[in-house]
Amino acid sequence: MNDFEKWEAAYKRQDMSCFNTSPEAVLWLKIKDLSSQLPAIAKQLAITFYTSGVRAHCQELYTYLLEKPELRNKFENFRQFYCQKHSPGWNNTLPASLQEVPTYNWVEHYMPSLDRYFAATYLPRFPSFTALESMKEKIAAEAWEFVQNAWYDHWTRNYIEQLFFAHPRVLPSMGTLRGVDFFIDDCPMKLKLLYFPQAFLKSRKGTDVATTVNESLKNPKELLVWLYTEQCRLRFGAENRLYLIFHDTTKPENSWELKRAQKLLAEKIENYLTQFEPNRLPSITFPFSGKTYTALADTLFIVKDEN
């Protein structure tokens, strides 16, 4: 097995730790991310592919770049230009639009899908159509609440991603890499947005909320291990992760508003990226389905306190 095949096999089995220690492995990721642009890359680098098929071309490109450093520089320049050009553009109207959302009340029973919720809630309980018809306003209100909340989650994530992509150290993934939203320098990262998890608070019996949050701010490793270990089996991933965690210390139910706190978000993200050092990221080892995985992870707390 050559190195190209080794990185390919590691990626397929979600052994992502090698992509944190080997520049050659990161190069494999970058090539895979731009696999749809191989003809343009070949033209830019003035190289010829002698094989056929996307995978074979990726392998040839990998060899070219390792053997000829001058081509590596040209590839990085192409990647920088292409990823910046095709990253989501800044939406000037989005921040103001997010401020228009009056309430947010994400109800877990709507998950995993609204149609299942409606089917389970209304179909068995109302054999009378007249009785079902009497619930129209309630159903409409629930549907709107779901759509409004989902819209808010979608566009606040979009807004936060724009703040990351605007930083010179960040290049977005082009959507072909599982578990990679962007690279900070050469460090591949998945961005996760969440409120301080209630289940984690409950798991720490005898410790109050304020103490748990403060301890996690100072040393997030216990929380990070818990987040990886308790993830949904269907959405399992062992990739590097940056968790943005939103928490209002005085009114936790208002934590949702921090996802549109423009000045606070911009300052926090700018400071984090400016000071980012991959060798200082916590290394997280966690068990899942009988296997042990290792990833780099970090937290960025967006907190509103009583001050």
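Is Lys74 buried, partly exposed or exposed, and what is its relative accessible area? In this predicted model, Lys74 is partly exposed, with a relative accessible area of 42%, where buried means under 20%, exposed over 50% and partly exposed in between (1.4 Å probe, protein chains only). Residues are numbered from 1 along each chain as its sequence is written. As the model is predicted, local features need pLDDT of at least 70, side-chain atom pairs count only at pLDDT 80 or more, and totals for chains, interfaces and linings use all residues, while side-chain values use heavy atoms and leave out hydrogens and water.

Lys74 belongs to helix H5, residues 69–85. Helices (H or I, at least four residues) and strands (E, at least two) are DSSP runs, numbered from the N terminus. Apart from its neighbours within four places in sequence, Lys74 touches Gln44 and Leu45, contact being defined as heavy atoms within 4.5 Å. Glu145 lies 71 residues from Lys74 along the chain, and the C-alpha atoms of the two are separated by 49 Å. A second charged residue, Glu8, is located in helix H1 (residues 3–12). Glu8 is buried, with a relative accessible area of 14%. Its contacts, neighbours within four places in sequence left aside, are with Trp28 and Arg55.

Six strands form an open sheet with mixed pairing, in the order E1-E2-E3-E4-E6-E5. The edges are strand E1 (170–172) and strand E5, each of which pairs on one side only. Neighbouring strands of this sheet are turned by 40° against each other on average, direction ignored; axes are lines fitted to C-alpha atoms, for helices over the stretch in contact, and angles run from 0 to 180 degrees between N-to-C directions. Strands of a sheet pair through backbone hydrogen bonds, either parallel or antiparallel. Here two strands are taken to pair if DSSP finds at least two bridges between them.

At one edge, E1 and strand E2 (residues 182–184) run antiparallel and are joined by three bridges. Leu171 has Phe183 in E2 as its bridge partner. Towards the other edge, E4 and E6 run parallel, with eight bridges between them, and Tyr243 is bridged to Thr299 in E6. Strand E5 (residues 283–288) pairs with E6 in the antiparallel sense over six bridges. Ile284 stands opposite Ala295 in E6. Two residues lie between the strands in the hairpin of E5 and E6, where Ser289 takes a positive phi near 50°.

Two helices lie across strands of the sheet. Helix H2 (residues 23–33) crosses E1, E2 and strand E3 (187–195), running at about 145° to E2. Helix H13 (residues 262–274) lies across E1, E2, E4 and E6, and its direction is at about 135° to E6.

In helix H11 (residues 209–218), the residues Thr212, Val213 and Ser216 are buried. They are on the same side of H11 because they cover an arc of only 95° around the axis, the arc being that of the directions from the helix axis to the C-beta atoms. An α-helix has 3.6 residues a turn, so residues three or four places apart point the same way. The buried residues of H11 pack against helix H10 (198–203), helix H12 (221–229), strand E4 (241–248) and strand E6 (291–304). The N-terminal end of H11 is capped by Asp208, with a side-chain oxygen 3.2 Å from the backbone nitrogen of Ala210.

Rings of Phe, Tyr and Trp (its six-membered ring) pair if their centres lie within 6.5 Å; planes under 30 degrees apart count as stacked, over 60 as edge-to-face and the rest as tilted. This rule yields a count of 25 aromatic pairs. One of them is the tilted pair of Phe118 and Tyr122, at 6.0 Å centre to centre and 50° between the planes. Both residues lie in helix H7 (residues 114–122), four residues apart, about one turn of the helix. Phe118 counts as buried at 19% relative accessibility, and Tyr122 is buried with a relative accessible area of 3%. The pair of Phe196 and Phe200 is also tilted, because the ring centres are 6.1 Å apart and the planes are at 55°. Phe196 is buried at 4% relative accessibility, as is Phe200, with a relative accessible area of 2%. One aromatic cluster is formed by Tyr228, Phe236, Tyr243, Phe286, Phe288 and Tyr293.

How values were computed
A polar contact is a pair of N or O atoms within 3.5 Å; within protein, one must be able to donate a hydrogen and the other to accept it, and residues adjacent in sequence count only if both atoms are side-chain atoms.
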